[in-house]
Amino acid sequence: MRADRALAVAALAFVVGASGCAPHRLHTDVSAGYDSPAPHRLAPAPANPDLAGVMERFYQQIEGAHWPFAYAMLSRRYRASIGQARFVAQYSAFGDLDVSLRQHGDRVVVATIGAKERVAPARARRFEETTTLAWDGDGWTIDRIVRRDVSRAGTR
């Protein structure tokens with residue numbers, strides 16, 4: 001009697017398990033019941049943007065020597081013109097950044113940067129970077145940086 005009961009339970013388990021594995025009807029007509037993903041729509045650039053957050057994040061990546069993340073914030077066009085090795089070389093010599101930002105219009109930010117040389121922290125440098133940003137449809141990218149040295153002896 002126990003063997004019959006065990007066999008019945010096993011048969012029931014097989015039937016229940018098999019019913020969940022029944023082949024599903026496949027649609028061969030592509031248009032029948034297929035929802036194509038919505039095309040990626042590029043958003044227009046925000047009006048009167050506050051670009052300080054983008055630039056603060058950029059300089060935080062620089063300060064932390066997170067080169068791949070800082071480099072990824074550059075536009076494709078700018079990355080193609082500068083290359084990652086040259087980009088890193090422009091910033092890797094400096095640490096202990098003191099950055100103040102001024103926004104001019106809706107695409108330009110001027111950063112005044114005081115920095116210490118990593119190999120000689122007693123030596124301070126001061127420079128100004130004028131950054132032009134571009135909207136890529138998803139967010140702001142850094143499209144150009146022009147640096148001007150404004151160092152004065154003994155100042156930061």
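Seven aromatic pairs are found in the structure, which is a predicted model. A good place to start is the pair made by Phe58 and Tyr91, whose ring centres lie 6.0 Å apart. The planes of these two rings stand at 85°, so the arrangement is edge-to-face. Phe58 belongs to helix α2 and Tyr91 to helix α5, and with 33 residues separating them the pair links distant parts of the chain. Both partners are shielded from solvent: Phe58 has a relative accessible area of 0% and is buried, and Tyr91 is buried as well, at 3%.

A second pair brings together Tyr71 and Phe87, with a distance of 5.7 Å from centre to centre and an angle of 50° between the planes, a tilted geometry. This contact again links distant parts of the chain, joining Tyr71 of helix α3 (residues 67–72) to Phe87 of helix α5 across 16 residues. With a relative accessible area of 12%, Tyr71 falls under the 20% limit and therefore counts as buried. Phe87 is buried too, and its relative accessible area is 1%. Taken together, ring pairs connect Phe58, Tyr59, Tyr71, Phe87 and Tyr91 into a cluster.

The rings also meet a charged side chain. Arg147 places its charged end over the ring of Tyr91, 4.9 Å from the ring centre. The charged end of Arg147 likewise sits over the ring of Phe127, and here the distance to the centre is 4.3 Å. Tyr91 thus takes part in the edge-to-face pair with Phe58 and also lies beneath the charged end of Arg147.

It helps to place these residues in the overall architecture. The chain contains five helices and four strands, and read from the N terminus these elements follow the order α-α-α-α-α-β-β-β-β. The four strands make up an open sheet with the order β1-β2-β3-β4 and antiparallel pairing. The edges are taken by β1 (94–104) and β4 (140–149); each has a single partner strand, so one side of each is left without a neighbour in the sheet. On average, and with direction ignored, neighbouring strands are turned by 25° against each other.

Two helices that carry members of the aromatic cluster also pack on this sheet. Helix α2 (residues 52–63) touches β1, β2, β3 and β4, and its direction makes an angle of about 170° with that of β1. Helix α5 (residues 84–91) is in contact with β1, β3 and β4, with its direction at about 50° to that of β4.

The strand pairings can be followed in register. Strands β1 and β2 are paired in the antiparallel sense over nine bridges. Within this pairing, Val99 has Ile113 as its bridge partner in β2, and Leu101 is found opposite Ala111 of β2. The two strands form a hairpin with three residues between them, and Gly105 in the turn adopts a positive phi of about 75°. On the other side, β2 (residues 108–117) pairs with β3 (residues 124–135), also in the antiparallel sense and over nine bridges. Here Ala115 has Arg125 as its bridge partner in β3, while Lys116 stands opposite Ala124 of β3. Six residues connect β2 to β3 in a hairpin. Eight of the ten residues of β2 are buried, so this strand is largely enclosed by the rest of the structure.

Totals for the chain complete the picture. Of its 156 residues, 28% count as buried. When contacts between residues at least 6 apart in sequence are considered, 48% of them join residues at least 24 apart. The accessible surface amounts to about 10800 Å², and carbon and sulfur atoms account for 57% of that area.

Note on methods
Residues are numbered from 1 along each chain as its sequence is written. This is a predicted model: local features need pLDDT of at least 70, side-chain atom pairs count only at pLDDT 80 or more; totals for chains, interfaces and linings use all residues. Side-chain values use heavy atoms; hydrogens and water are left out. Two strands pair if DSSP finds at least two bridges between them. Axes are lines fitted to C-alpha atoms, for helices over the stretch in contact, and angles run from 0 to 180 degrees between N-to-C directions. Contact means heavy atoms within 4.5 Å. Buried means under 20% relative accessible area, exposed over 50%, partly exposed in between (1.4 Å probe, protein chains only). Rings of Phe, Tyr and Trp (its six-membered ring) pair if their centres lie within 6.5 Å; planes under 30 degrees apart count as stacked, over 60 as edge-to-face and the rest as tilted. A charge sits over a ring if NZ of Lys or CZ of Arg is within 6 Å of the ring centre and within 35 degrees of the ring normal. Accessible areas come from the Shrake-Rupley method with a 1.4 Å probe; for residues, only the protein chains shown count as cover.
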